[in-house]
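Work through the exercises below with the sequence and the model side by side. Try each task before reading its solution.

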Amino acid sequence: MNRIAFGPALLLGFAAALSGGTAPAETVAVRIDKGAFEPAVITIKPGDTVVWLNTEKRTSHDVVFEDGVRSERLMPDDVFERRFDTAGRHSYRCTPHPRMTGEVVVEP
Ligand SMILES: [Cu+2]
């Protein structure tokens, strides 16, 4: 086995993979405040995670997706997070406040 010859090629390949344009996964925040999701529409990349934070003083909310994924009831300062691996539009709403709607747009 020839580690000296093989090592640099492996390192170069790794560096190329790192700079290959695939951004590292990010986590983005949506505030729940004054009876609204802020921002109501958020655009992310596959693999990113969205964190919802209830910043109300005393009102609880939830986050319920059309595909069945849902948070627990979020009391003030509670958080809920979901990672999105597939492209598409993911609509959600708040059960106790049906006018509260939001959307996560996952663009490849
Ligand atoms: Cu609500």
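**Exercise 1.** In which sense do strand E5 and strand E7 pair, and over how many bridges?

*Solution.* The model is predicted, so local features need pLDDT of at least 70 and side-chain atom pairs count only at pLDDT 80 or more, while totals for chains, interfaces and linings use all residues. Residues are numbered from 1 along each chain as its sequence is written, and side-chain values use heavy atoms, with hydrogens and water left out.

Step 1. Find the strands: E5 covers residues 64-65 and E7 covers residues 88-93. Strands are DSSP runs (E, at least two residues), helices are runs of H or I with at least four residues, and both are numbered from the N terminus.

Step 2. Check the pairing: two strands pair if DSSP finds at least two bridges between them. E5 and E7 have two bridges and are antiparallel. Phenylalanine 65 is opposite tyrosine 92 of E7.

**Exercise 2.** Which strand do six bridges join to E7?

*Solution.* The partner is strand E8, residues 101-106, and the two run antiparallel. Within this pairing, serine 91 has glutamate 103 in E8 as its bridge partner.

**Exercise 3.** Which residues coordinate the copper ion, and at what distances?

*Solution.* Step 1. List the donors, which are N, O and S atoms within 2.8 Å of the metal (3.2 Å for Na, K and Ca); water is not among the atoms, so sites may look incomplete. The copper ion is bound by His61 (ND1), Cys94 (SG), His97 (ND1) and Met100 (SD), at 1.9 to 2.5 Å.

Step 2. Judge the geometry. Four donors count as tetrahedral if all angles lie between 85 and 135 degrees. Here the angles among the four donor atoms are 92 to 133°, and the site is tetrahedral.

Step 3. Read the spacing: the donor residues follow H-x32-C-x2-H-x2-M in sequence. Histidine 61 sits in the loop between strand E4 (49-54) and E5, and cysteine 94 in the loop between E7 and E8, so the pair ties together parts 33 residues apart in sequence.

**Exercise 4.** Is threonine 49 buried or exposed?

*Solution.* Step 1. Recall the cut-offs: buried means under 20% relative accessible area, exposed over 50%, and partly exposed in between (1.4 Å probe, protein chains only).

Step 2. Threonine 49 belongs to strand E4. Threonine 49 counts as buried because its relative accessibility is 12%.

Step 3. Outside its neighbours within four places in sequence, threonine 49 has contacts (heavy atoms within 4.5 Å) that include Glu26, Val28 and Arg82.

Terms used
Four donors count as tetrahedral if all angles lie between 85 and 135 degrees; four count as square planar and six as octahedral if opposite donors are over 155 degrees apart and all others between 65 and 115; anything else is irregular.
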